[in-house]
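Thanks for coming, everyone. Let me put the chain up on the screen, and then we'll walk through it.

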Amino acid sequence: AARERRAPWVSGFCELPRGAADFTARATEMAALRKMAAEDQSGSVVLISGPPGTGKTTLAIRAAEVLGGAFRDGCFFVDLRGLSDQPLGPAEAASRLLRALGVAESRVPAGQQDRAERLRGLLRQRQTLIILDNAASEGQVRELLPGRSPGLVVITSRRSLAGLENLRRLALEPMRPDDA
């Protein structure tokens, strides 16, 4: 059977932002993320939630730095701008991820549903780590989540996104003064 040729990911799209060189504490949470990434190779989704300033994004980026080598098809970051007046919609987020995964802009489907289906199809074959940062709602991320895949998706949000199912949850509390 012919296999679909894998296009390499494209530099410049959905690149990880700079991590914190002085990352500290959160050893328990990092260990939990490591375990989740190693245990489940069928499309793990992890939600990191917590109040403002607890380091959700910093932890997600650090996890990508530490675990990234296990994801041979790349690590990607999408800021969903959940606190903005105009959060990034799922169609635009899917388009950015498709382009980062090597789909030419001219071949990105026009409709939101078609983009989501194409993205899930690619993720089913790719070992990727995707950070969907600063999600405002379940609807913003639901269509971006893969079914079965060898990858990991990490969502960060101030909200618990209780309407999402089949994911692991990691709730952050403010750091103790000794750790901060």
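Start with F77. Is F77 buried or exposed? F77 is buried, because its relative accessibility is 12% and the cut-off for buried is under 20%. Keep in mind that this is a predicted model.

Where does F77 sit? Find strand β2, residues 75-79; F77 is part of that strand. Now, what does F77 touch once we set aside residues up to four places away in sequence? The list is C14, E15, L16, P17, T57, I61, I131 and D133. One more distance from here. F77 and V154 are 77 residues apart along the chain, yet their C-alpha atoms are separated by 9.5 Å.

Strand β2 also takes in residue 75, so let's look at C75. C75 has a relative accessible area of 21%, so C75 counts as partly exposed. The range for that class runs from 20% to 50%.

Since we're on cysteines: how many disulfides does the structure hold? Zero. As a reminder, a disulfide is a covalent bond between the sulfur atoms of two cysteines.

Next, C14, one of the residues that F77 touches. C14 comes in the segment before α1, which spans 27-39. C14 is at 11% relative accessibility, and therefore counts as buried. Check the backbone too. Phi of C14 is near 60 degrees, a positive value, and C14 is not a glycine.

There's another positive phi to show you. L161, also a residue other than glycine, has phi near 45 degrees. Look for L161 in the loop between β4 (152-157) and β5 (168-171). L161 counts as buried because its relative accessible area is 3%.

On to the helices. S95 is in helix α3. Why does S95 count as buried? Because its relative accessibility is 8%, under the 20% cut-off. Leaving out neighbours within four places in sequence, S95 makes contact with V108 and R115.

R115 takes us to α4, where R115 is one of the buried residues. The others listed as buried there are A116, L119, G121, L122 and L123. An α-helix has 3.6 residues a turn, so residues three or four places apart point the same way. What do the buried residues of α4 pack against? They pack against α3, residues 90-100, and β3, residues 129-133. As for length, α4 covers residues 112-123, twelve in total. From first C-alpha to last, α4 reaches 16 Å, close to the 16 Å expected at 1.5 Å a residue.

Now step back to the whole chain. How many helices and strands are there? Five helices and five strands. In sequence order, the pattern reads α-β-α-β-α-α-β-α-β-β.

Some totals to finish. The chain has 180 residues, and 44% of them are buried. Take the contacts between residues at least 6 apart in sequence: 72% of those join residues at least 24 apart. The F77 contact with I131 links two residues well separated in numbering, if you want one to look up on screen. Accessible surface for the chain is about 9,400 Å². Carbon and sulfur atoms account for 47% of that surface.

That's the tour. Questions, please.

Technical notes:
Residues numbered from 1 in each chain as written. Predicted model: local features only at pLDDT ≥ 70, side-chain atom pairs only at ≥ 80, totals over all residues. Heavy atoms only, no water. Helix = DSSP H or I, 4+ residues; strand = E, 2+ residues; numbered from the N terminus. Buried < 20%, exposed > 50% of the residue type's maximum accessible area, 1.4 Å probe, protein only. Contact = heavy atoms within 4.5 Å. Areas by Shrake-Rupley, 256 points an atom, 1.4 Å probe, with all protein chains shown as cover. Expected span 1.5 Å × (residues − 1). Disulfide = S-S within 2.5 Å.
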